[in-house]
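Biologist: I'd like a close look at just one part of this one, please, and then how that part sits among its surroundings. Could you take it slowly, as I'm new to this?

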Amino acid sequence: MKRLQYFTLSICFLTLFSCSTPEKEVEDTLPMKVAKAYGFENFSKINSIAYTWNVQVDSATVSTRDWKWNIKDKTVYFSNPDTSYTYSLSLPADSLPPADKGFVNDKYWLMYPFQLAWDTGYTFETEENVPAPISGQNTTKLTILYDSQAGYTPGDAYDLFLDEDLMITEWVFRRGNAPTGRSITWENEQEFNGIKLATEHKNDAGTKFIWFTNIKVD
């Protein structure tokens, strides 16, 4: 059980480099095109996103966390079965509460396509006609490599497997740019006020591993 919790809580512990939608124009690279495929151009109209993050810890246990990200105000509401509080994303990094790592992690699972537009400090490579690890379907592979100064887990890599519409079908997280990682699906995309969110993730055994409920986008 501890190994599973560590994976889910640490796979995406990267700093949120921008807590609001960037105003400046960005280069129309493949990462930006992926962000746009999920509705990035509509994100500036959104004031808040609330959701429940669920993870299947073991066959009998589901762990949950509730979030509300007030984008314009740069505040986050956090709640789990033990506690709840609101904190400011404007706090210095060393003053952020423990929940912030969970916020970044869970937000990456829900909104990673937008992080491709928000984040800085990464390079990327592309490769065409690559079979996705789980489905075997032909995809475009987009590899994102964060630099050594990037947030909670510097130097990590993500392999994104994209369909012809530039939607993520699977991803592989590789800690410290290791040669291999764990394959997870991106499924059940739903649209909320002009942005698309993948609400389910399954492992290579087909088990629903992480999913989102109570999503509200205002």
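Modeller: Let's start with a term you'll need. When one helix passes over another, the crossing is called left-handed if the near helix is turned anticlockwise from the far one by less than a right angle, and right-handed if the turn is clockwise. Keep in mind, too, that what you're looking at is a predicted model.

Now find helix α2, which covers residues 30–37, and helix α3, which covers residues 99–118. These two pack with their axes 8 Å apart, at an angle of about 135°. That angle makes α2 oblique to α3, because 135° is neither over 145, where roughly antiparallel begins, nor within 65 to 115, the range for roughly perpendicular. As for handedness, α2 passes α3 in a left-handed crossing.

Which residues do the touching? From α2 you have Pro31, Met32, Val34 and Ala35, and they meet Pro113, Phe114, Leu116 and Ala117 of α3. Sort the residues of this contact by type and you get eight nonpolar, no polar and no charged.

Stay with α2 for a moment. Its buried residues are Leu30, Pro31, Met32, Val34 and Ala35. Besides α3, the buried residues of α2 pack against four strands: β5 (122–131), β6 (138–146), β7 (157–162) and β8 (168–174). If you follow the chain just past the end of α2, you come to glycine 39, which takes a positive phi of about 95°.

Let's look at those strands. They belong to an open sheet of five, ordered β5-β6-β7-β8-β9, with antiparallel pairing. At the edges are β5 and β9 (182–185), each of which pairs on one side only. Going between neighbouring strands here, the average turn is 20°, direction ignored. For one pairing inside this sheet, take β7 and β8: they run antiparallel and share six bridges. Along that pairing, aspartate 159 stands opposite valine 172 in β8. Our helix α2 lies across β5, β6, β7 and β8, and its direction is at about 110° to β6.

Next, the partner helix, α3. One of its residues is phenylalanine 103. Phenylalanine 103 is buried, because its relative accessible area is 0% and the cut-off for buried is under 20%. Phenylalanine 103 and tryptophan 67 are a nice pair to pick out: they are 36 residues apart in sequence, but their C-alpha atoms are 7.5 Å apart in space.

There's another open sheet to meet on this side. Its seven strands come in the order β4-β3-β2-β1-β12-β11-β10, and the pairing is antiparallel. The edge strands are β4 (84–88) and β10, each pairing on one side only. From one strand to the next, the twist averages 20°. Helix α3 packs on this sheet, where it touches β1, β2 (61–70), β3 (75–79), β4, β11 and β12, and its direction makes about 65° with that of β2.

You can walk through a few pairings of this sheet. Strand β1 (residues 48–58) pairs with β12 in the antiparallel sense over six bridges. Here threonine 52 stands opposite threonine 213 in β12. Strand β12 (residues 208–217) also pairs with β11, again antiparallel, over three bridges, and histidine 201 stands opposite isoleucine 210 in β12. The hairpin of β11 and β12 has five residues between the strands, and in it glycine 206 takes a positive phi near 85°.

Then comes the pairing of β10 (residues 187–192) with β11 (residues 195–202), antiparallel over five bridges. Phenylalanine 192 stands opposite isoleucine 195 in β11. These two strands form a hairpin with two residues between them, and asparagine 193 in the turn has a positive phi of about 50°.

Finally, zoom out to the chain. The secondary structure adds up to three helices and 12 strands. Of the 218 residues in the chain, 49% are buried. And if you take the contacts between residues at least 6 apart in sequence, 52% of them join residues at least 24 apart.

Back to your one part, then: α2 packs with α3 at about 135° and lies across β5, β6, β7 and β8, while α3 packs on the sheet that includes β1 and β12.

Note on methods. Residues are numbered from 1 along each chain as its sequence is written. This is a predicted model: local features need pLDDT of at least 70, side-chain atom pairs count only at pLDDT 80 or more; totals for chains, interfaces and linings use all residues. Side-chain values use heavy atoms; hydrogens and water are left out. Axes are lines fitted to C-alpha atoms, for helices over the stretch in contact, and angles run from 0 to 180 degrees between N-to-C directions. Angles under 35 degrees count as roughly parallel, over 145 as roughly antiparallel, 65 to 115 as roughly perpendicular and the rest as oblique. Contact means heavy atoms within 4.5 Å. Ala, Val, Leu, Ile, Met, Phe, Trp, Tyr, Cys and Pro count as nonpolar, Asp, Glu, Lys and Arg as charged, and the others, Gly among them, as polar. Buried means under 20% relative accessible area, exposed over 50%, partly exposed in between (1.4 Å probe, protein chains only). Two strands pair if DSSP finds at least two bridges between them.
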